[in-house]
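Here is a walk through a multi-chain complex, one region at a time. Keep the structure open and follow along.

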Amino acid sequence: MLELLLFAVPAGLVILGALIVIFAKNPVHNSMGLVLTLASLAIIYITLNATFVAMVQMLVYAGAVMTLFLFVIMMIGVDKPEQTREEIKGQTLLVSGTLFILIGLVSFIVVNSGFKWDLYFPAVEYSLEGTPDLIAASLFTEWVLPFEIISLLLIVATAAAIALAYDTKVRKPK
Amino acid sequence: MIEVSTDWYLTLAAILFSIGFLGMMIRKNALIMFMCIELMLNSVNLTFITASKHFGTIEGQISVFFVLVVAAAEVVVGLAIIVSIFKKQSSASVDLLRTSRG
Amino acid sequence: MENLLLVIIFLPLLTALGIKIISNLVNELLLNFLTINSALLSFATACGMFGLLLTDKFKPIHLELFTWIPSPEILFEFTLDGLSGIMMLLVTGLSVVIQIFSTSYMSKDENYSKYFIYFNVFVFSMLLLVMSGNFLVMFFGWELVGLSSYLLISFWSKKQSAAKAGNKAFILNRIGDFGFLVGLMLTLNTFGTFNYEKVFSEVLNGNRESLSIIVICFIIGAFGKSAQFPLFSWLPDAMEGPTPASALIHAATMVTAGVFMLVRISPILQFSETGKLIIITAGLLTALIAAFSAINQDDIKKVLAYSTISQLGFMFIAIGSGAYVAAIFHLVTHAFFKALLFLGAGAVIHEMHHEQNIHKMGNLKTKMPITAAMMGIGTLAISGIPPLAGFWSKDEILASTFANGGFYYGYWALSLLAAFMTAFYMGRHWLLIFHKETGNDISEVHEAPKAMVRPLIVLGIFSFFIGFINTPFFHGLEKVLEETLHYVDITHLPEGITLIILAVVSIGAGFTGLLLAYLIYIVDILAYFKVKIPLKEEIKELSSNTLYLNKFGEVIFVKGMKSFSRKTAVVVDGLLIDGLVNKISSLFYNSSQKVSRSQNGLVRSYVVYFGFFMLLLIGLFIATPWVLN
């Protein structure tokens, strides 16, 4: 029962947060919805034995990334309400069509499988626990090359962000 | 007694992805579209972690780690782009940007 | 040692390239220096190679340059034997003499360098043709001489008639080339190789399946190139080209390529009685028709052109009666005296300021004595007056025809008639130009420049003495060709008194012809005795229009083809092909206009498209196994 509760409550919060993200008018509300989703997901990660990833999720996403989002929102201003009227011709129709196909596909799968998805977690509990030492053991031996490359990516991204945000007009001497 | 099985988690991930995609389609604000991308990325992460538990291997979590880093990098660059778009047209609406028109 | 062949063959090509490169930088003098010295070098090398051949009893020298086509293996190879040796000497030697003449004749022409480029390309192609080691290389040279002939005929391409004449020559040659090409394909199909010796040994060993058709194909090729009936009408038109080029190409060398080729394939030819009969009949017809036409031509060069056709007819008669040595002999002597006549005509044309009508000349011997004397030697030589060159070769042809017996007596008699006509029209030609008092104003005319006269003298000497290379007392040429023709049935000359009687008869024909020309055109005997020839005007018309064969061909082939191709151009090309192409392009244009509208530049639209089609794809994945089961 506790297991079910541990899944259902965070899952509900995840979906709620996601819906806030896409439907709220105020960008600050949107970002708060995203924080809700990310934090709830961290809980789900813990139930899935991925403690380290859950921690990183909290730190990087809910911490750093969301701060960045909020920062940008503050920078560009929240007072301008977004135009809600659809201006692209046929967009509504296509979106509805896409949703229709999605729902159709899901219902087809559900009906076709007779509500029986035989995807259970293994009966035998693995001793696998996503602890930092276990992840580090894999990351720094088997995955060390991608790890190094990803650091390069971070440097490039930082440089790109600086280059993009740099206002060239300011540089001109007066 | 209902057992919380793998497919529950996968269904949650699918729902999350669909919501993210729906947001991509209906919202004009570049920032919110970005958040939707984050939603979709997170749904993928959830899938990875579920798979990691299902198969009892650590590689799923390693992948999540990499996805996290890439997402962070992407956010950094993307937000910089949004800022420069905003500077140009003083609005974050993507509908005003039509430079790739054929 | 055999690599020297490459020097002989490729030197003219290199010269052509060199002239092309330097032509804008240097004056005519340096250009002359380059082209004549390279021709001399080529000739000297040729002489050396011929000497080498001579000491080695004319054993063929082979040179394999590279593998042209790997399967079936066809090499780019050359052969030097007696036959190609003679042709090689002829081409390179005449090239030197005629180029010296050309430097004077063509000077002050605006396309001076172009002329020498074409000329050298021609020499290269001709050498490639005669020294080829297999049929394909020969065909290569064969086509190239056709090309350079075309270029030189329409050299003054601003003249409409010159351009047309070039086209005509090219197109009529194509008919012959088509025959040659089919012959080549059949040869490859039958024998699996193009190499002369392999093909010949196959034939001699009894592989004679479909031999006649191959031979006939080759004969068609030879007819096209050598202007034989019915493909001869391009040669008189080819006189639009510069006269020295006519001398080399349309008198001495290229037009004899057909003769050369038939002698080359003589081991095959000897087994095809049909082929030989076709050759001798066409040769005789050509000789007679051309001689008949030459009698009433007024253009100084056209007389010579018809005379060339007629003499080529003689060569074909020789081949048809199996006298291959006689054919080559006549080829050699004809090359010299016809080149002489053409160059002499060129000198006259040059001095008469491009006046070519022989009725506007007359009594030029007082003004141009050397030219007149040399042209006189040429005329006597072609008429068959002993001891000049033409006598020996023509007599050998007539005697060989006679020696075959049977119905060949008839051919002999008709050939004799052609020989008589030759003497007649050549006598008329010389007398009208150089002897007849016409009262035309010729005070402006002078002897030609030295650069023209000296080549004439050289050729005059050769025309006088070249006949001695193969007399009944000294079979020089026969020895040269012995190795080439050693497995061929050669018709030999009759022995003893018959030969002498035949010689006397043919000398008589020559003298009679010349005398008759003198009596009719100078003494005007017809008017004196008030002889009326029935249908004189009609015959004259017939003669000067070549029996209307040209007009006939024009109406049947050219006009019909033109209207047909015009209709084709409108219907097939204009409506069908162009219409289709335009339709397709406008289809693409319109559809792309429509499709590009979907590229509206809006990111969200793209997202929707992406999602829509991705879902469709997923649906397809799900549906496929479900549908298949």
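**An enclosed helix and its surroundings**

Helix α11 of chain C, residues 257–264, is largely enclosed by the rest of the structure, because 8 of its 8 residues are buried. Those buried residues are Ala257(C), Gly258(C), Val259(C), Phe260(C), Met261(C), Leu262(C), Val263(C) and Arg264(C). The list of buried residues in α11(C) thus includes an arginine, Arg264(C). Keep in mind that this is a predicted model.

How far can the prediction be trusted here? Chain C has a mean pLDDT of 84. In chain C, 98% of the residues reach 70 or more. For the complex, the predictor gives an ipTM of 0.89 and a pTM of 0.66.

Now step outward from α11(C). Two of its residues, Val259(C) and Val263(C), are in contact with Ala327(C). Beyond its neighbours within four places in sequence, Ala327(C) also contacts Met315(C), Ala318(C) and Ile319(C). In general, an α-helix has 3.6 residues a turn, so residues three or four places apart point the same way.

Ala327(C) belongs to the largest nonpolar core, which has 197 residues. Ala327(C) is among the residues with the most contacts inside this core, together with Leu127(C), Ile319(C), Ile328(C), Ala339(C) and Leu343(C). Which helix supplies the largest share of the core? Helix α15 of chain C, residues 324–351, does, with 19 residues. Apart from this core lies another, of 65 residues. Its members include Ala42(A) and Tyr45(A) from chain A, and Leu16(B) and Phe34(B) from chain B.

Stay in chain C for a single residue. Ile377(C) sits in helix α16, residues 369–383. Is Ile377(C) buried or exposed? Ile377(C) counts as buried because it has 25 C-beta neighbours inside 10 Å, and the cut-off for buried is 20 or more. Setting aside neighbours within four places in sequence, Ile377(C) contacts Leu388(C), Gly460(C), Ser463(C) and Phe464(C). Leu340(C) is 37 residues away from Ile377(C) along the chain. Their C-alpha atoms are separated by 8.9 Å.

Chain C also offers a strand pair. Strand β1(C), residues 61–69, runs antiparallel to strand β2(C), residues 74–80. The two are joined by 7 bridges. They form a hairpin, with 4 residues between the strands. Within this pair, Ile61(C) stands opposite Leu80(C) of β2(C).

Turn next to chain A. It has 6 helices and 0 strands. From the N terminus, its elements therefore read α-α-α-α-α-α under the helix and strand assignment. Of its 174 residues, 24% count as buried. Take the contacts in chain A with a separation of 6 or more: 52% of them are between residues 24 or more positions apart.

Finally, look at how the chains meet. Between chains A and B, 62 residues of chain A are in contact with 59 residues of chain B. Which helices of chain A supply at least two residues each to this side? They are α1 (2–23), α2 (27–47), α3 (51–76), α4 (91–113), α5 (132–139) and α6 (144–165). By class, the side of chain A that touches chain B holds 50 nonpolar, 8 polar and 4 charged residues.

The contact between chains B and C takes 10 residues from chain B and 10 from chain C. On the side of chain B that touches chain C, 4 residues are nonpolar, 3 are polar and 3 are charged.

Key: Residues numbered from 1 in each chain as written. Chains lettered and ligands numbered in written order. Predicted model: local features only at pLDDT ≥ 70, side-chain atom pairs only at ≥ 80, totals over all residues. Buried ≥ 20, exposed ≤ 12 C-beta atoms within 10 Å, placed from the backbone. Contact = placed C-beta atoms within 7 Å. Nonpolar A, V, L, I, M, F, W, Y, C, P; charged D, E, K, R; others polar. Pairing = 2+ DSSP bridges. pLDDT = per-residue confidence, 0-100. Core = buried A, V, L, I, M, F, W, Y, C linked by C-beta atoms within 7 Å.
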